[in-house]
Every structure is written in C-alpha cells, then in structure tokens.
Amino acid sequence: MNASTGPDLTVLVPAYNEAENLRPLLEKLVKDVAPLGLSAEFLVLVDGSTDGSLEAPRALRGSIPALRVISFRRNFGKSAALSVGFREARGRFVVTMDADLQDDSAEIGPLLRKLDEGYDLVSGWKQKRKDPLSKTIPSKIFNGVTARISGVSLHDMNCGLKAYRADVVKTVKLRGELHRFIPVLAHWNGFRVGELRTVHHPRLHGTTKFGAARFLNGFLDL
C-alpha cells in the first residue's frame, strides 16, 4: 500500500455489544477480501460496548496489521459511528457491514463489481431475511413508505451491507439516526444508487438492537 494514496478498500464495521461475533467476523472478512487482489484496511468502530467487544479486535491487531480500532466512551449510535468511520476511511472504495454475522463478507466482491456498472453506492438487499416477524414486518413498511416519499426505490434501505465510492462517504453527512437514509442522502447529492441481492444469516450470538423506539425514530427522521 502506498501511504500517499491509501488502500483500495476500507471495510467499516460498527459494533455495539457484539463480543462473541467480532473475532469470527474479522477472521472470515480477511479471508474473503484476500482473493479480490485489493489492498485493504479494516476499521472496527466499537460504540460504547459494555460486553468486552473491544478485546476481540485488539487481540487480532497482531495477526491483522491492516486492522484499526476506534472506541467510543459511550454508545453514541450507528450514525455517529459511521460518521467517524466515513471520515477516517482511506480507501477508494468503502464497504460497511454489521458486526452480528448476519451479513456475509463473501458478498463484498459482488458489491464492488456492481459499482463497476456505473453506480456510486450499492446497497445489499436481504431478500430472504433470517429475522423474526417483529423485525421484518416493520422494516417492510418502513422501506415501502421511504421509497414512496423519497423517490429512491430500494427494497432494503437500511441494510448494513453497502459498497460506496469514496466520494459518497466524504459527501454524505450523518446526524441523529440518518444512517437509515444513506441511499436517499446519496441520491439527493447526485450519486447513482443501486442494489444487489445478498444472503442473510440468522443471528447466532448476542441480541438484536432493533426495537419499537428505533422504528418510531426512523419515521420521525423521515
């Protein structure tokens, strides 16, 4: 990697109380990125976790030299974590993925190839979600209303797995809980937005951070 130009790819992983998932996620992530032939950095944003989430990535820094870890003193939320990650990202391309092992890092290659079709942002579409109805039904309603109001017709607006050109993450400004609307913000800034079907795995460890309050906050932000 040339220090003056930075890596080809930055993978951002915001994490809040995902201690059991971070080690297997990072180990698989490194293996899945290696065949792409890209120089890469991996940035974990530990958002005020209280379950030991910080220990796993710190322990792996010796075996993964391209791993960087940023830790917040308290939980500021996903938008704040991504905002810091976008600012710190040095790659020409940026991929975001959740830390719960439900996203699959094997999808990074297809997402980047989709960018080559002329898109600036490609959002994952969890067509077959492995989540309970209490999560999937509100999400379907949210996606439908957001698409109708914003004019950005994505099936899965808030999918954590997304690929971006660097110009997008350096342009889009996040506050509150606007991470749900990154494709809309990118579209309004003149970027071309697409989506790609991605696999989705059931959660094996930890608990979901989704709840009624977050659903309501999403509509208030909209």
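**Burial, aromatic pairs and an internal cavity in a predicted model**

In this predicted model, the surroundings that cover the buried residues of helix α4 include the strands β1 (9-15), β4 (93-96), β5 (121-126), β6 (162-165) and β7 (193-198), together with helix α1 (19-33). Helix α4 itself spans residues 108-115 and is mostly covered, with 6 of its 8 residues buried. The buried positions of α4 are I108, G109, L111, L112, K114 and L115, so that a lysine, K114, is listed there alongside leucines such as L111 and L112. The chain in which this helix is set has 8 helices and 7 strands, and buried residues make up 51% of its 222 residues. Of the contacts in the chain with a separation of 6 or more, 81% are accounted for by residues 24 or more positions apart.

Two residues that are not glycine have a positive phi, and each is placed in a loop that follows a strand and leads to a helix. N17, in the loop between β1 and α1, has a phi of about 55°, and with a relative accessible area of 18% N17 is buried, because the cut-off for burial is under 20%. L101, in the loop between β4 and α4, has a phi of about 70°; its relative accessible area of 23% makes L101 partly exposed. The two loops thus involve β1, α1 and β4, elements that also appear among those covering the buried residues of α4.

The count of aromatic pairs comes to 2. One of them is formed by F72 and F76, an edge-to-face pair with 6.1 Å from centre to centre and 85° between the planes. Within this pair F72 counts as buried, at 15% relative accessibility, whereas F76 is partly exposed, with a relative accessible area of 43%. The other pair, F86 and Y164, is likewise edge-to-face, with 5.5 Å from centre to centre and 70° between the planes. Because F86 lies in helix α3 and Y164 in strand β6, this pair ties together parts of the chain that are 78 residues apart in sequence. F86 is buried, with a relative accessible area of 3%, and Y164 counts as buried at 1% relative accessibility. A further arrangement that involves an aromatic ring is found at Y119, where the charged end of R192 sits over the ring, 4.1 Å from its centre.

The count of cavities of 30 Å³ or more comes to 1, and the largest cavity has a volume of about 70 Å³. The lining of the largest cavity consists of 13 residues, of which K78, L82, C159, G160 and K162 lie nearest its centre. Two elements, α3 (78-88) and β6, give two or more residues each to this lining; α3 and β6 are also the elements that hold F86 and Y164, respectively. By character, the lining residues of the largest cavity divide into 6 nonpolar, 4 polar and 3 charged.

Ahead of strand β6, M157 is found in the loop between α5 (133-150) and β6, and at 0% relative accessibility M157 counts as buried. The C-alpha atoms of M157 and K140 are separated by 9.6 Å, while the two residues are 17 residues apart along the chain. In helix α7 (residues 182-188), L185 counts as buried at 16% relative accessibility. When its neighbours within four places in sequence are left aside, L185 is in contact with V172, K173, L174 and L178. The C-alpha atoms of L185 and V152, residues that stand 33 apart along the chain, are separated by 9.8 Å.

Methods:
Residues numbered from 1 in each chain as written. Predicted model: local features only at pLDDT ≥ 70, side-chain atom pairs only at ≥ 80, totals over all residues. Heavy atoms only, no water. Buried < 20%, exposed > 50% of the residue type's maximum accessible area, 1.4 Å probe, protein only. Helix = DSSP H or I, 4+ residues; strand = E, 2+ residues; numbered from the N terminus. Contact = heavy atoms within 4.5 Å. 1 Å grid on protein atoms, 1.4 Å probe; cavity = no way out; pocket = protein on both sides within 12 Å on 5 of 7 lines; lining within 4 Å. Points joined across faces, edges and corners; volume = space filled by probe spheres on them. Nonpolar A, V, L, I, M, F, W, Y, C, P; charged D, E, K, R; others polar. Phe/Tyr/Trp six-rings, centres within 6.5 Å; stacked < 30°, edge-to-face > 60°. Lys NZ or Arg CZ within 6 Å of the ring centre and 35° of its normal.
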